[in-house]
Amino acid sequence: MASEENIKETKTCTEQTLEACTTESNNECIIVSSKECFKVPDTGGGDEPENSSDMELGSDSSLQGACGSTDGTPVGSFEEAKELVDFKVIFNKKKHDICFPLDDTVLALKKHFETLIGVPVSMQKVMFKGLCKDEKTLRDVGVTKGAKVMVVGSTLSDVIAVNTPTEQDIKEEKAAAATKEAFCKQKLHKKVLDKGIPEDVQPGIKNAKDALPPYPLSGMVNKSGGKVRLTFKLEVDQVWIGTKERTDKIPMNSIKTIVSEPIEGHEEYHIMGIQLGTTEASRYWLYWVPAQYVDAIKDAVLGKWQYF
């Protein structure tokens, strides 16, 4: 016969389970529930519960002990681990080892690249078996373990460096500014203008204000005499500065100011400086900009209220 302590323990067990417990001759309490059951040995009584268990396997309390909640959600559970892929990224002849989720997009990868190579997302091109579109996943474009992915792009400092004037040019520009000399009279610009109007320049119209055309503005030149075209991507807030060698995608909100003046003797065209950095030395100079589009360019990049 069960002792009083055993009977007491049996009653306690009955209160904790869905079904009643029975006392058998071997002094074991058989716990029955709608889930699973197991036998809890009778320790022979006593008030020390730490070495015995009257917890029903599968009960709410046991679920919470094992999984953390009564609905079966693990404590501190994580999302299902993403499948990763190891590959190499090549940028400026340097290789970077990358481990990235296979089902993340190319756009997400570009954001990761930005932290590694310092090239803004908007100025990156990811190449793997051709140009990779932002919305595609790495799995979609076929990236596998050990693959080599090419990244092409320019930092803003790269763009500025291409057009950075020499120390002598800066001195001449400062001297000209001090005397309020017109751009077209300054030596820095005069040596470009003296080469004459480019043959393929777009027609300029003096004293006119036209909206930006639906096609790129071409036929202009930079301070090195190289051909330049401007493409305005208003839907992504970018202006693309294209040359024979490269196309730089410049976020419009990174442009500090734009200055321009008519070219003396050819007032249907302007000299224009697009300031990419904090100082005047960062201005990207354009020559033979059609006069009718000057205000529209400033409006598109700066907003009408910013350049007056």
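Okay, so before the picture makes sense: two strands count as paired if DSSP finds at least two bridges between them. Strands here are DSSP runs of E, at least two residues, and helices are runs of H or I, at least four residues, both numbered from the N terminus.

A quick word on what we're looking at. This is a predicted model, where local features need pLDDT of at least 70 and side-chain atom pairs count only at pLDDT 80 or more, while totals for chains, interfaces and linings use all residues. Residues are numbered from 1 along each chain as its sequence is written, and side-chain values use heavy atoms, with hydrogens and water left out.

Let's start with a sheet. It's an open one with 4 strands, ordered β5-β4-β7-β6, and the pairing is mixed. β5 (94-101) and β6 (124-127) sit at the edges with a single partner strand each, so one side of each has no neighbour in the sheet. From one strand to the next, the twist averages 30°.

Now zoom in on β6. It runs antiparallel to β7, residues 148-153, and 4 bridges join them. In that pairing, M127 stands opposite M150 of β7. Then there's helix α3, residues 106-117, which packs on the sheet and touches β4 (84-91), β5, β6 and β7. Contact here means heavy atoms within 4.5 Å. The direction of α3 makes about 135° with that of β5; axes are lines fitted to C-alpha atoms, for helices over the stretch in contact, and angles run from 0 to 180 degrees between N-to-C directions.

Okay, on to β13 (266-275). Is this strand mostly covered or mostly open? Mostly covered: 7 of its 10 residues are buried, where buried means under 20% relative accessible area, exposed over 50%, and partly exposed in between, with a 1.4 Å probe and protein chains only.

What are its partners? β12 pairs with β13 in the antiparallel sense over 7 bridges, and I258 has I274 as its bridge partner. These two strands make a hairpin with 2 residues between them, and G265 in the turn has a positive phi of about 90°. On to β14: 7 bridges join β13 to it, again antiparallel, with H270 opposite V289.

Last stop, helix α8, residues 294-302. Its buried residues are V294, A296, I297, K298, V301 and L302. Among the elements covering them are β12, β13 and β14. Just after α8, G303 takes a positive phi of about 90°.
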